[in-house]
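Q: Hi! I'd like to go through this structure with you, step by step. Could you start with the terms I'll need?

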Amino acid sequence: MKLPLFPLPICLLPEGYTQLRIFEPRYKRLVAESLKSGDGFGLCMTSEEVNTLYPIGTLVHIIDFETLPDGMLGVSIEGKQRFTLGDISVESDGLKRAQINLIDNWPAAPVQKSEIYLSDMLQNILKEYPKHLQQYQAAQFDDIAWVCQRWLEILPIRSAEKYTCINAMDHQLTLDLLRTVIK
């Protein structure tokens with residue numbers, strides 16, 4: 001599957017939600033193509049040091065869009081599935097497009113008693129962002145893999161640390177990180 005890419009210094013993982021402000025013509029084109037095809041686009045996290053793309057990204061779909069008060073395009077997106085990047089081409093306006101290979105999402109796992117505080121803290125944080133919170137179902141907070149992914153999206157840590165966790169086959173590395181960072 002070949003998709004247009006949106007490189008950003010943020011991560012969004014499967015079943016995650018975020019909003020983007022689109023102002024560059026190449027990304028307006030990406031949005032238009034994505035809406036027309038229904039295929040979505042690839043959101044790829046960039047490294048802070050050299051602004052390169054990490055080789056694992058997330059296939060995302062647009063779930064809503066609007067014209068913002070400042071005239072920019074606001075787009076709400078939801079993560080669907082992780083992928084690895086294949087061959088990348090750059091078009092004349094700078095839009096990157098790549099062959100992607102879908103990879104398995106982390107398997108669901110029930111929240112254990114010793115992990116409930118991570119789920120509760122996440123819910124409390126998200127109460128401050130009601131638009132985000134309303135995108136999620138109460139049952140999702142009972143899945144520690146899902147909870148770990150949401151924490152990765154919001155933790156103020158370097159992208160290299162996030163990528164190490166994203167690259168794992170399951171949530172365990174992220175859970176270990178969270179236990180160290182959040183007590």
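A: Sure! Strands (E, at least two residues) and helices (H or I, at least four) are DSSP runs, numbered from the N terminus. Two strands pair if DSSP finds at least two bridges between them.

Q: And what kind of model is this?
A: This is a predicted model, where local features need pLDDT of at least 70 and side-chain atom pairs count only at pLDDT 80 or more, while totals for chains, interfaces and linings use all residues. Residues are numbered from 1 along each chain as its sequence is written, and side-chain values use heavy atoms, with hydrogens and water left out.

Q: Okay, strands. How many bridges join strand 1 to strand 6?
A: Four, and strand 1 (residues 2–8) runs antiparallel to strand 6 (residues 96–102). For example, L5 has K96 as its bridge partner in strand 6.

Q: Which way do strand 5 and strand 6 pair?
A: They pair in the antiparallel sense, over six bridges. T84 is partnered with N101 of strand 6. The hairpin of these strands has five residues between them, and G94 there takes a positive phi near 95°.

Q: How many bridges join strand 4 to strand 5?
A: Eleven, again with the strands antiparallel. H61 has its bridge partner, E78, in strand 5. Five residues lie between the strands in this hairpin, where G71 has a positive phi near 90°.

Q: What about strand 3 and strand 4?
A: Strand 3 (residues 41–45) and strand 4 (residues 56–67) run antiparallel and are joined by three bridges. G42 stands opposite L59 in strand 4.

Q: Back to phi. Which residue has a positive value although it is not a glycine?
A: E15 does, at about 70°. Most residues other than glycine have a negative phi. You'll find E15 in the loop between strand 1 and strand 2 (17–22).

Q: Why does E15 count as partly exposed?
A: Because its relative accessibility is 41%. Buried means under 20% relative accessible area, exposed means over 50%, and partly exposed is in between (1.4 Å probe, protein chains only).

Q: And Y54, buried or exposed?
A: Y54 is buried, with a relative accessible area of 13%. Y54 sits in the loop between strand 3 and strand 4.

Q: New topic: where is R82, and does anything odd go on there?
A: R82 lies in strand 5 (residues 73–90). R82 is buried yet has no salt bridge, and the nearest side chain of opposite charge, D104, is 7.2 Å away. A salt bridge needs a side-chain nitrogen of Lys or Arg within 4 Å of a carboxyl oxygen of Asp or Glu. For charge, Lys and Arg count as positive and Asp and Glu as negative, with His and the chain ends not counted.

Q: What does the side chain of R82 reach, then?
A: The backbone oxygen of D104, at 2.7 Å.

Q: How many aromatic pairs are there?
A: A search of the whole structure finds five. One of them is F141 with W146, an edge-to-face pair at 4.8 Å centre to centre with 75° between the planes. Rings of Phe, Tyr and Trp (its six-membered ring) pair if their centres lie within 6.5 Å; planes under 30 degrees apart are stacked, over 60 edge-to-face, and the rest tilted. Both F141 and W146 are buried.

Q: Which residues form one aromatic cluster?
A: F6, Y27 and F41 do.

Notes
A polar contact is a pair of N or O atoms within 3.5 Å; within protein, one must be able to donate a hydrogen and the other to accept it, and residues adjacent in sequence count only if both atoms are side-chain atoms.
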